[in-house]
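This note is addressed to a colleague who is beginning to read protein structures. Please keep the sequence and the three-dimensional view at hand while working through the points.

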Amino acid sequence: MEWNRSLEYWRKVHKDFFEKEYYQAGKVSTDEIPCICETFKVVYKQEPGH
């Protein structure tokens, strides 16, 4: 599956990571756990070699 911005895709590619992290913390990961997501905008891009 190619990268896309859907919630379904995001959950699929991050599921193993969150399950492992929650397990190590003695918790259980579910789809009901709140998650904060951020987006960023590049405001300055340094040229290569600088």
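The numbered points below treat the helix, the aromatic rings, the pocket and the segment after the helix.

1. Status of the model. The structure is a predicted model. Every value quoted in this note is computed from that predicted model, and the reader should keep this in mind throughout.

2. Span of helix 1. Helix 1 runs over residues 7–24 and contains 18 residues. From its first C-alpha to its last, helix 1 reaches 24 Å, which is close to the 26 Å expected at 1.5 Å a residue.

3. The kink. Where is the kink in helix 1 centred? The kink is centred on H14, and its angle is about 50 degrees. The reader may wish to find H14 in the view and follow helix 1 on either side of this kink.

4. The aromatic pairs. How many aromatic pairs are there? The count comes to 2. One of them joins W10 and F18, whose rings are tilted, with 40 degrees between the planes and 5.7 Å from centre to centre. In the pair formed by F17 and F18, the arrangement is edge-to-face, with 80 degrees between the planes and a centre-to-centre distance of 5.1 Å. The label edge-to-face applies because planes over 60 degrees apart are counted in that way. Ring pairs thus link W10, F17 and F18 into a cluster.

5. Exposure of the cluster. Are these rings' residues buried, exposed or partly exposed? W10 has a relative accessible area of 29% and is partly exposed. F18 is partly exposed as well, at 26%. For F17 the relative accessible area is 47%, so this residue is also partly exposed. The reasoning rests on two cut-offs, because buried means under 20% and exposed means over 50%.

6. The largest pocket. A general remark is useful here: rolling a probe the size of a water molecule over the atoms shows where empty space is left. In this model, the largest pocket holds about 360 Å³ of space. Its lining consists of 15 residues, and those nearest the centre are W10, R11, F18, T30 and D31. W10 and F18, which form the tilted pair, are therefore to be read both as ring partners and as residues of the lining. By type, the lining of the largest pocket divides into 8 nonpolar, 3 polar and 4 charged residues.

7. Just after helix 1. A25 lies in the segment after helix 1 and counts as exposed, at 51% relative accessibility. The C-alpha atoms of A25 and K15 are separated by 16 Å, the two residues being 10 apart along the chain. G26, just after helix 1, takes a positive phi of about 75 degrees. K27 is placed in the segment after helix 1 and is exposed, with a relative accessible area of 53%. Between K27 and V13, which are 14 residues apart in sequence, the C-alpha distance is 20 Å.

8. Further along the segment. I33 also has its place in the segment after helix 1, and this residue is partly exposed at 28%. I33 and L7 are 26 residues apart in sequence, and their C-alpha atoms are 14 Å apart in space. G49 lies in the segment after helix 1 too; its relative accessibility of 85% makes it exposed. The C-alpha atoms of G49 and V13 are separated by 34 Å, with their positions 36 residues apart along the chain.

Terms used
Residues are numbered from 1 along each chain as its sequence is written. This is a predicted model: local features need pLDDT of at least 70, side-chain atom pairs count only at pLDDT 80 or more; totals for chains, interfaces and linings use all residues. Side-chain values use heavy atoms; hydrogens and water are left out. On a 1 Å grid over the protein atoms alone, a cavity is a set of points where a 1.4 Å probe fits but cannot get out, and a pocket is an open set with protein on both sides within 12 Å along at least five of seven lines; lining residues have an atom within 4 Å of a point. Grid points are joined across faces, edges and corners, and a volume is the space filled by probe spheres set on the points. Ala, Val, Leu, Ile, Met, Phe, Trp, Tyr, Cys and Pro count as nonpolar, Asp, Glu, Lys and Arg as charged, and the others, Gly among them, as polar. Rings of Phe, Tyr and Trp (its six-membered ring) pair if their centres lie within 6.5 Å; planes under 30 degrees apart count as stacked, over 60 as edge-to-face and the rest as tilted. Buried means under 20% relative accessible area, exposed over 50%, partly exposed in between (1.4 Å probe, protein chains only). Helices (H or I, at least four residues) and strands (E, at least two) are DSSP runs, numbered from the N terminus. The expected span of a helix is 1.5 Å times one less than its number of residues. The bend at a residue is the angle between axes fitted to the seven residues ending there and the seven starting there.
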